[in-house]
Amino acid sequence: MAQYVIAIDQGTTSSRAIIFDKAGSIVSTGQLEHAQIFPQAGWVEHDPMEIWNNTREVIGQALSKANLTRHDIAAVGITNQRETAVVWDRTTGLPVYNAIVWQDTRTQPIVDRLAADGGVERFKAQVGLPLATYFSGTKIVWILENVEGARAKADAGQLMFGTTDSWVLWNLTGGLEGGVHATDVTNASRTMFMDLETLQWDDDILAAFDVPKSMLPEIRSSSEVYGIVNEHSLLREVPIAGILGDQQAATFGQAAFDQGEAKNTYGTGNFLIFNTGTEIVHSKNGLLTTLGYKLGTDAPHYALEGSIAVTGALVQWLRDNLGMISSSEEIETLAKTVDDNGGAYFVPAFSGLFAPYWRSDARGALVGLTRFVNKGHIARAALEATAFQTREVLDAVNADSGVPLTEIKVDGGMIANNTLMQFQADILGVPVVRPVVAETTALGAAYAAGLAVGFWGSLDELRANWQEDSRWTPQMSEEEKNRQLRNWKKAVTKTFGWVDEDVV
């Protein structure tokens, strides 16, 4: 009898396969990074073929490390970087262009064009999202308008679009040999094309974007059997039974199933999700309305989301672009060489500002510099930027929900940084709680798949798996917290209005 579930976590910087047991504990992991491609300022791409090849390899790594075979695996779950767009040819199975990543800002002229009639909230009532470069809809338009032959092929029904979950699903289930072209409601809700109420593609919005409906995957629930892995894979004949966008998967993995529960993920960017239950809540404070999850034929659960573009990516930038550190883990050591930020504030608006500002004209700024500031202060300012941005998003969630959160569950790579977690608790003014299993994104996808095939029997069983590992409580004085927040907000205003016609 199969004793495990495997999750494929196709993230922004790497692809992983993680095997979980019945208790939700990690059995083994395979992981490979893929190239980050920056053709010019503001452009971010990935090679879809590299992602698919890495996915196959990490599955092999995870199975091999645990000495398991497909017979030990009950189901496959998929989670993914949500808004990254892949367009491929249904006759060759090959991408027509690199995947355009969620951080990419090249589509701002397309956003402006669509916003000319009705503003950036033109479609927000239907889809819960403002017009922004972040979402995959404008990325599809860019490919159709800029890749030679793409428009003609799309109009002829020859092109397929998907976020990376769809790309992995299609290839795992056979690709050209009967691959399943589908996505789940959480990923569909990040395209700008899905109606929040009907959970179907909106024909009027597709017409406004001029995107053929034939390109789009079928929208399914987050927990059901979509197909089985084809015969060319180590997982052949295993059902693929769960799909959740990465942030919704992390929420599910944190067992935040009910209205009023929330989590904050610290990854390439930061994403705070607040479960609003079966009610659609439209934000008045710069948050997104999105799908939380949908289990089979059950009613969908919705959420408010505060999306922050750059948090962990700032640490990578200090490592890769400036060479200030040689590994991401060193950022904490460097930050601890000083007692505070020395008056420096780092606003990492590399892709503009996401929630709660939605300012595409913003660019990164390091302010408050004096001769006193050294690289330790800059490292601390980089970590603090994550906490300050999270505070602004939490304020927006509290304002929209009317019920202030009394603690925040956290997950993602940066939560191993104890210095950051303490500062986060100080700036939020509420406890920060880290679970025993920090890989909640992959765990959420595994849970969705396992529920669909009966590996787990209920949400209560999953709740019982969640265990607290560490808790940080606020220690900063109210006066100091307010001073820091005042300076941060002043720093944010210095990033506004940087981009104009001759600046990317």
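Helix α9 (residues 246–253) is mostly covered in this predicted model. Eight of its eight residues are buried. They are D246, Q247, Q248, A249, A250, T251, F252 and G253. Just after α9, A255 takes a positive phi of about 60°. D246 also has a charged role to report: it belongs to a network of salt bridges with R82, E83, R190 and E305.

**Salt bridges**

Side chains of opposite charge can pair when their charged atoms come close. The count here comes to 30 salt bridges. Three pairs are set out below.

| Pair | Closest N to O distance |
|---|---|
| R16 and E439 | 2.8 Å |
| D104 and R106 | 2.9 Å |
| R113 and E145 | 2.7 Å |

Take R16 and E439, which form a salt bridge. This pair links distant parts of the chain, 423 residues apart. R16 sits in strand β2 (residues 14–20). E439 sits in the loop between β20 (432–435) and α14 (440–452). Are the two partners buried or exposed? R16 has 12% relative accessibility, so it counts as buried, the cut-off being under 20%. E439 has a relative accessible area of 26% and is partly exposed.

In the pair of D104 and R106, both residues are buried. The pair of R113 and E145 joins two helices. R113 lies in helix α2 (residues 108–115) and E145 in helix α4 (residues 136–146), so the salt bridge ties together parts that are 32 residues apart in sequence. R113 is partly exposed, with a relative accessible area of 46%. E145 is partly exposed too, at 41%.

**Nonpolar cores**

The largest nonpolar core has 106 residues. Which residues have the most contacts inside it? They are M192, F193, F209, V211 and M215. Helix α12 (residues 375–401) gives the most to this core, with twelve residues. A second, separate core has 30 residues, including V58, V76, A99 and I243.

F209 shows how such a residue is surrounded. Leaving aside neighbours within four places in sequence, F209 is in contact with L114, F123, L131, G137, T138, V141, M192 and F193. Two of these partners, M192 and F193, are themselves named among the residues with the most contacts in the largest core.

**Helix α12 against α13**

The axes of α12 and helix α13 (residues 418–428) come within 9 Å. They cross at roughly 40°. The crossing is right-handed. From α12, the residues in contact are R380, L383, E384, T386, A387, F388, T390, R391 and L394. From α13, they are T419, L420, F423, Q424, I427 and L428. By type, the residues of this contact divide into eight nonpolar, four polar and three charged.

E392 also lies in helix α12. What is its relative accessible area? The value is 7%, so E392 is buried under the 20% cut-off. Not counting residues up to four places away in sequence, E392 touches P356, Y357, W488, K489 and V492. The C-alpha atoms of E392 and G260 are separated by 18 Å. Those two residues are 132 residues apart along the chain.

**Two buried threonines**

T133 is found in the loop between α3 (124–127) and α4. Its relative accessibility is 6%, so T133 counts as buried. Which residues does T133 touch, not counting those up to four places away in sequence? They are W102, D104, T105, T107, Q108, V111, T138 and K139. One of these, D104, is the partner of R106 in a salt bridge. Another, T138, is also in contact with F209.

T191 is found in the loop between α7 (185–188) and α8 (203–209). At 2% relative accessibility, T191 counts as buried. Leaving aside neighbours within four places in sequence, T191 is in contact with F135, S136, G137, F161 and W201. G137 is also in contact with F209. W201 is ten residues from T191 along the chain. The C-alpha atoms of T191 and W201 are separated by 9.6 Å.

Key. Residues numbered from 1 in each chain as written. Predicted model: local features only at pLDDT ≥ 70, side-chain atom pairs only at ≥ 80, totals over all residues. Heavy atoms only, no water. Core = buried A, V, L, I, M, F, W, Y, C linked by side-chain atoms within 4.5 Å. Buried < 20%, exposed > 50% of the residue type's maximum accessible area, 1.4 Å probe, protein only. Helix = DSSP H or I, 4+ residues; strand = E, 2+ residues; numbered from the N terminus. Contact = heavy atoms within 4.5 Å. Salt bridge = Lys/Arg side-chain N within 4 Å of Asp/Glu carboxyl O. Axes fitted to C-alpha atoms, helices over the stretch in contact; angles between N-to-C directions. Left-handed = near helix turned anticlockwise from the far one by under 90°. Nonpolar A, V, L, I, M, F, W, Y, C, P; charged D, E, K, R; others polar.
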